[in-house]
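Subject: A structure to look through

Dear colleague,

I am passing on a structure for you to look through, with the sequence and the coordinates placed just below. After them I describe what was found, and I suggest keeping the 3D view open while you read.

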Amino acid sequence: MTEEIVGYTEEQKEYFMREALLEAKKAEIMREVPIGAVVVLDGEIIGRGHNVREYSQDATTHAELIAIREANRRVGSWRLEKAHLFVTLEPCPMCCGGILLSRVEQVYYGANDPKGGTAGSLLNLLEDNRFNHTCVVETGILEEECGSILTQFFRQIRQNKKTKKG
């Protein structure tokens, strides 16, 4: 966390992250990488999303972008200036781009992504002052639960591959 985010209690942050985890579980049921996101405005969820890349065969259908699109439709604007995004995994470069372009104000994420995360792990696009918009970022919200669903998912994939070979 690089800057203290005000406005939510720990209980509220966990509530919204649990809603993102519910979205991740929807992806898992579809055998998609279990990542979920919700967009919150004035304490209300206005956008939800989970990964559907395999189902859609569209590389841009990440949880964050789906949640942002739904929020844009709901408010009738591409600008989400007072909105906050809760996502189970650190956003990738593409999703950080969508977050910045939609003017999301704050981003909360659960698990770090050391191989592809660009909200603090590899670099931090969201808090880079060279862009015309920045977001405040807080990490580690329900980190263990958010990481565990991914770990279990990939463990199961590896197990299934071993079973098919054996």
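**Pockets**

The largest pocket encloses about 240 Å³ of space. Please keep in mind throughout that this is a predicted model. The lining of the largest pocket is made up of 14 residues, and those that lie nearest its centre are Val33, Ile35, Asn51, Leu89 and Asp113. Sorted by character, the lining of this pocket has 8 nonpolar, 2 polar and 4 charged residues.

The second largest pocket has a volume of about 170 Å³, and the residues that line it are Leu89, Ala111, Asn112, Asp113, Pro114, Lys115, Gly147 and Leu150. Here the lining divides into 4 nonpolar, 2 polar and 2 charged residues. As you turn the model, you may like to look for Leu89 and Asp113, which are among the residues nearest the centre of the largest pocket and which also belong to the lining of the second largest one.

**The sheet**

In general, the strands of a sheet pair through backbone hydrogen bonds, and they may do so in a parallel or an antiparallel way. In this model, 5 strands form an open sheet with mixed pairing, and their order across the sheet is S2-S1-S3-S4-S5. At the edges are strand S2, residues 44-50, and strand S5, residues 136-139, each of which pairs on one side only. From one strand to the next, the twist averages 15°. Helix H1, which covers residues 10-29, packs on this sheet and touches strand S1 (36-41), S2, strand S3 (84-89), S4 and S5, while its direction makes about 140° with that of S1.

How do the individual strands pair? S1 and S2 run antiparallel and are joined by 6 bridges, and within this pair Val38 stands opposite Arg48 in S2. S3 and S4 pair in the parallel sense over 5 bridges, with Val107 in S4 as the bridge partner of Leu85. Strand S4, residues 106-111, also pairs with S5 in the parallel sense, over 4 bridges, and there Gln106 stands opposite Val136 in S5.

Which strands are enclosed by the rest of the structure? In S4, 6 of the 6 residues are buried, so this strand is largely enclosed by the rest of the structure. The edge strand S2 is likewise largely enclosed, because 5 of its 7 residues are buried.

**Residues with a positive phi**

Most residues other than glycine have a negative phi, and the residues below are therefore worth finding in the model, since that general tendency does not hold for every residue. In the hairpin of S1 and S2, which has 2 residues between the strands, Asp42 takes a positive phi near 55°. Gln57, which is not a glycine either, has a positive phi near 55°, and it lies in the loop between helix H2 (53-56) and helix H3 (63-75). Arg103 has a positive phi of about 70° although it is not a glycine, and it is found in the loop between helix H4 (93-101) and S4.

Are Gln57 and Arg103 buried or exposed? Gln57 counts as exposed, because its relative accessibility is 61% and the cut-off for exposed is over 50%. Arg103, by contrast, has a relative accessible area of 19% and is therefore buried, as the cut-off for buried is under 20%.

With best wishes

Conventions: Residues numbered from 1 in each chain as written. Predicted model: local features only at pLDDT ≥ 70, side-chain atom pairs only at ≥ 80, totals over all residues. Heavy atoms only, no water. 1 Å grid on protein atoms, 1.4 Å probe; cavity = no way out; pocket = protein on both sides within 12 Å on 5 of 7 lines; lining within 4 Å. Points joined across faces, edges and corners; volume = space filled by probe spheres on them. Nonpolar A, V, L, I, M, F, W, Y, C, P; charged D, E, K, R; others polar. Pairing = 2+ DSSP bridges. Axes fitted to C-alpha atoms, helices over the stretch in contact; angles between N-to-C directions. Contact = heavy atoms within 4.5 Å. Buried < 20%, exposed > 50% of the residue type's maximum accessible area, 1.4 Å probe, protein only.
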